[in-house]
Amino acid sequence: GMKASEPSIPLWADTPIKERGPPPYVPPGDWVYNTKGGPVEGKINVHLVPHSHDDVGWKMTVDQYFYEEVYYILDTLVMRLTENPDRKFIYVETAFFARWWNQQPASKKNMTKALVDNGQLEFVNGGWCMHDEASPYYVEMIDQ
């Protein structure tokens, strides 16, 4: 029988190469996506919310996490949002952002400010880090 840890349908990447066939989704040949579409009647409409959830000192120290993971996320994020005004991102962990911000030259800070002004980069939660609860009561958000 199937184990609880197994997916209910076989994953394409787990199928032997000679048996795979084409991938289930092929990106457009020109790699251009319609990011301006809205809800379409009669279709499943998916709302994606790109956001951060970088744990501040969970499985490694805050320093390790910042330099090995988060610094590059923020650097790449600013570059990619600047390239395309249709892109948006929500950043949560003020602890990491403040540290990254303090290390940036004026030019990168100005780029970041412009992204906030354009509504492409938004900060939520107002906390030093993201709480882990799905539907937190205000006490959990404050105490985290």
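Which residues in helix 2 meet which residues in helix 3? Here are some notes on that, and on what surrounds it, for this predicted model.

1. **The contact itself.** From helix 2, the residues involved are V62, D63, Y65, F66, Y67, V70, Y71, L74, D75 and V78. On the helix 3 side they meet F96, F97, R99 and W100. Sorted by class, this contact has 11 nonpolar and 3 charged residues, with no polar ones.

2. **How the two helices cross.** If you fit the axes, you will find that those of helix 2 and helix 3 come within 10 Å and cross at roughly 70 degrees. An angle from 65 to 115 degrees counts as roughly perpendicular, so that is the label for helix 2 and helix 3.

3. **The nonpolar core.** It is worth colouring the largest nonpolar core, which has 15 residues; those touching the most other members are V70, L74, Y91, W100 and L121. Helix 2, strand 1 (89–91) and helix 3 (94–102) are the elements that give two or more residues to this core. Helix 2 gives the most, with 8 residues. As background, nonpolar side chains tend to be buried together in soluble globular proteins.

4. **L74 as a place to look.** Leaving aside residues up to four places away in sequence, L74 touches Y91, F96, F97 and W100. L74 and W100 are also among the core members that touch the most others, and both belong to the contact between helix 2 and helix 3.

5. **D75, next along helix 2.** D75 lies in helix 2 (residues 62–83). Is D75 buried or exposed? Its relative accessibility is 17%, and the limit for buried is under 20%, so D75 counts as buried. Beyond residues up to four places away in sequence, D75 touches W100, Q104 and K108. D75 is also one of the helix 2 residues that meet helix 3.

6. **The D75 and K108 pair.** Which residue forms a salt bridge with D75? The partner is K108, and the closest N and O atoms are 3.1 Å apart. Because D75 lies in helix 2 and K108 in helix 4 (residues 106–117), the pair ties together parts that are 33 residues apart in sequence. K108 counts as buried too, at 15% relative accessibility. In general, side chains of opposite charge can pair when their charged atoms come close.

7. **A charged network around E83.** The structure holds 4 salt bridges, and two of them involve E83. E83 pairs with R80, the closest N and O atoms being 2.7 Å apart. These two residues both lie in helix 2, 3 residues apart, or about one turn of the helix. R87 forms a salt bridge with E83 as well, here with a closest N and O separation of 3.7 Å. Through shared partners, R80, E83 and R87 are joined into one network.

8. **Accessibility in that network.** E83 is exposed, with a relative accessible area of 53%. R80 is partly exposed at 38%, and R87 counts as partly exposed at 37%. By contrast, D75 and K108 in the pair described above both count as buried, so you may like to view the pair and the network side by side.

Note on methods. Residues numbered from 1 in each chain as written. Predicted model: local features only at pLDDT ≥ 70, side-chain atom pairs only at ≥ 80, totals over all residues. Heavy atoms only, no water. Helix = DSSP H or I, 4+ residues; strand = E, 2+ residues; numbered from the N terminus. Buried < 20%, exposed > 50% of the residue type's maximum accessible area, 1.4 Å probe, protein only. Contact = heavy atoms within 4.5 Å. Core = buried A, V, L, I, M, F, W, Y, C linked by side-chain atoms within 4.5 Å. Axes fitted to C-alpha atoms, helices over the stretch in contact; angles between N-to-C directions. Parallel < 35°, antiparallel > 145°, perpendicular 65-115°, else oblique. Nonpolar A, V, L, I, M, F, W, Y, C, P; charged D, E, K, R; others polar. Salt bridge = Lys/Arg side-chain N within 4 Å of Asp/Glu carboxyl O.
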